[in-house]
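Student: I'm new to this structure and would like to find my way around it. Could we look at it together?

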Amino acid sequence: MRATRHEPMFDFDKLDKVIHEKSRLGIMTLLAARPSWTFQDLKAELELSDGNLVTHLRTLHEGGYVAVTKEVLDRPQTSYALTTKGRNLFQEYLSILEQIVKLGRPGGDSNDS
């Protein structure tokens, strides 16, 4: 019996691979929730090591998703915020996730969109 080829229900390549990594998804979600976060607050909230957080923030910054602000208050402090590009890409990412969730529910249909 030959397997028939069919069109996939969803193109998972549409998911933004930069955002989709678990720690970066956490960073993007937190940054979408309020205007900015300090490095220390992100580290505490996400329970990441300095090195891991730096690496993920660098990836997001180099991709244009996140802006970095360095200032000296009582001591040097670095804050992060979503760029307009980052906010737009995150909204697109959430929209794609919503489509996936809809397809995964009973009665979900890729033709309903």
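Student: In β3, what is the bridge partner of V66?

Tutor: Happy to help, and please keep in mind that this is a predicted model. V66 belongs to β2 (66–72), which is an edge strand. β2 and β3 run antiparallel and are joined by 7 bridges. Across that pairing, the partner of V66 in β3 is L82.

Student: How many residues lie between β2 and β3 in their hairpin?

Tutor: β3 covers residues 76–82, while β2 covers 66–72. The two strands form a hairpin, and the number of residues between them is 3.

Student: What is the order of the strands in the open sheet?

Tutor: The sheet has 3 strands with antiparallel pairing. β1 (37–38) and β2 each pair on one side only, which puts them at the edges. β3 pairs with β1 over 2 bridges and with β2 over 7. The order is therefore β1-β3-β2.

Student: Which residue of β3 stands opposite T38?

Tutor: Look at the pairing of β1 with β3, which is antiparallel. Opposite T38, the β3 residue is S79.

Student: Is β3 largely enclosed or open to the outside?

Tutor: Count the buried residues, meaning those under 20% relative accessible area. In β3, 5 of the 7 residues are buried, so the rest of the structure leaves this strand largely enclosed.

Student: At about what angle does helix α2 run to β3?

Tutor: Helix α2 is made of residues 22–33 and lies across β1, β2 and β3. Relative to β3, the helix runs at about 90 degrees.

Student: Does D41 count as buried, partly exposed or exposed?

Tutor: D41 sits in helix α3, residues 39–46. In space, its C-alpha is 9.2 Å from that of S79, although the two are 38 residues apart in sequence. The relative accessibility of D41 is 36%, so this residue counts as partly exposed.

Student: How far from D16 is the nearest side chain of opposite charge?

Tutor: D16 is in the segment before α1 (17–20). This residue is buried yet has no salt bridge. A salt bridge would need the atoms to be within 4 Å. The nearest side chain of opposite charge is that of R24, at a distance of 7.3 Å.

Student: With which side chain does the side chain of D16 make a polar contact?

Tutor: The side chain of D16 reaches the backbone nitrogen of I19 at 3.2 Å. Beyond four places in sequence, D16 touches Y65, L89 and Y93. The side-chain partner in the polar contact, at 2.8 Å, is Y65.

Definitions and conventions:
Residues are numbered from 1 along each chain as its sequence is written. This is a predicted model: local features need pLDDT of at least 70, side-chain atom pairs count only at pLDDT 80 or more; totals for chains, interfaces and linings use all residues. Side-chain values use heavy atoms; hydrogens and water are left out. Helices (H or I, at least four residues) and strands (E, at least two) are DSSP runs, numbered from the N terminus. Buried means under 20% relative accessible area, exposed over 50%, partly exposed in between (1.4 Å probe, protein chains only). Lys and Arg count as positive and Asp and Glu as negative; His and the chain ends are not counted. A polar contact is a pair of N or O atoms within 3.5 Å; within protein, one must be able to donate a hydrogen and the other to accept it, and residues adjacent in sequence count only if both atoms are side-chain atoms. Contact means heavy atoms within 4.5 Å. Two strands pair if DSSP finds at least two bridges between them. Axes are lines fitted to C-alpha atoms, for helices over the stretch in contact, and angles run from 0 to 180 degrees between N-to-C directions.
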